[in-house]
Amino acid sequence: MARRGRKEQILAVSERLFSEKGYHGTTIRDIAEASGILSGSLYAHIDSKEDLLFEIVNQGADNFLGALEPIIASPGNPEEKLRRGLAAHIRVVGEHLHAAKVFLHDWRALSDERRQIILEKRRRYEALWGALLEEGIQAGVFRPVHPKFAQLVILSVANWVYQWYDPEGPLGPDEIADQFARILLEGLNQLS
């Protein structure tokens, strides 16, 4: 139990440091010092710095997928699913600010095999958004835009939230998502 608690502490410290300094800018010594242990002792809890990165990034990918999959699978209007999906994405970012930044910026630092695992999860996530947009286009709810470009716009807007979101600020993830969705949907709704 104590080992697991220490590992969770090391992961939390690594998330923060990777977010602040980048994966390549963070040393094992930085992680050990911030965790309150000697550098050599860190290896009693981890095998490598990359293991920490993979765990953070993989959990981030799972968080995004886990938030969006039930929304896409649920019945309902594509416009409402888009609003809910955007809120779910922003909620993941807002609840895991450091991890979201690491997920979005440092996943490419993973070794080939691990990078492929994350790339596959990212593709699955993007495919969910593509399917939602295609559903909306086919239903006549969204204008016939290129789904890939619409998906890029939506995810670009949502991913950038980590840069300015303040958990103590006046707007929570749902309110931010509502503002974004309103702006995006004006460009997607079928014109009368």
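This is a short walk through how the two domains of this chain meet, and what lies along the first of them. Keep in mind that the model is predicted.

Let's start with the overall layout. The domain assignment splits the chain in two: residues 1-46 make up domain 1, and residues 47-186 make up domain 2. If you place a point at the C-alpha centre of each domain, the two points are 27 Å apart.

Now look at where the domains touch. On one side, domain 1 brings 17 residues into contact, and on the other side domain 2 answers with 14. Together the two domains bury about 1,500 Å² between them, with 66% of that area on carbon and sulfur atoms. Three residues are worth finding on the domain 1 side: S19, Y23 and I46 account for 42% of the area that domain 1 buries against domain 2, more than any other three residues.

What about charged and polar partners across this boundary? One salt bridge is counted between domain 1 and domain 2. You can also look up the pair E55 and K7, which form a salt bridge whose closest N and O atoms are 3.3 Å apart. Polar contacts add to the picture, with seven residue pairs found across the interface of the two domains.

It helps to ask which helices build the domain 1 side of this interface. Both α1 (2-21) and α2 (28-35) supply at least two residues each to the side that touches domain 2. Of the contributors, α1 gives the most, with nine residues. Sorted by character, the residues on this side of domain 1 comprise eight nonpolar, five polar and four charged ones.

Stay with helix α1 for a moment, since it holds a salt bridge of its own. The side chains of R16 and E20 meet there, at 3.4 Å from N to O. Why do these two sit about one helical turn apart? The reason is that E20 and R16 are four residues apart in helix α1. Widening the view to the whole structure, a search finds 14 salt bridges.

Finally, turn to the stretch from residue 27 to residue 46. An unreviewed UniProt entry lists residues 27-46 as "DNA-binding region". In the model, 60% of this stretch is helix and 0% is strand. From one end of residues 27-46 to the other, the C-alpha atoms are 14 Å apart. I46, one of the three residues picked out earlier for the area that domain 1 buries against domain 2, is a good place to end the tour.

Technical notes: Residues are numbered from 1 along each chain as its sequence is written. This is a predicted model: local features need pLDDT of at least 70, side-chain atom pairs count only at pLDDT 80 or more; totals for chains, interfaces and linings use all residues. Side-chain values use heavy atoms; hydrogens and water are left out. Domain bounds come from an automatic or database domain assignment. Contact means heavy atoms within 4.5 Å. Buried area is the accessible area (1.4 Å probe) that two parts lose on being put together, summed over both. A salt bridge is a side-chain nitrogen of Lys or Arg within 4 Å of a carboxyl oxygen of Asp or Glu. A polar contact is a pair of N or O atoms within 3.5 Å; within protein, one must be able to donate a hydrogen and the other to accept it, and residues adjacent in sequence count only if both atoms are side-chain atoms. Ala, Val, Leu, Ile, Met, Phe, Trp, Tyr, Cys and Pro count as nonpolar, Asp, Glu, Lys and Arg as charged, and the others, Gly among them, as polar. UniProt positions are given in the numbering used here, feature names are shortened, and annotations may be inferred rather than shown by experiment.
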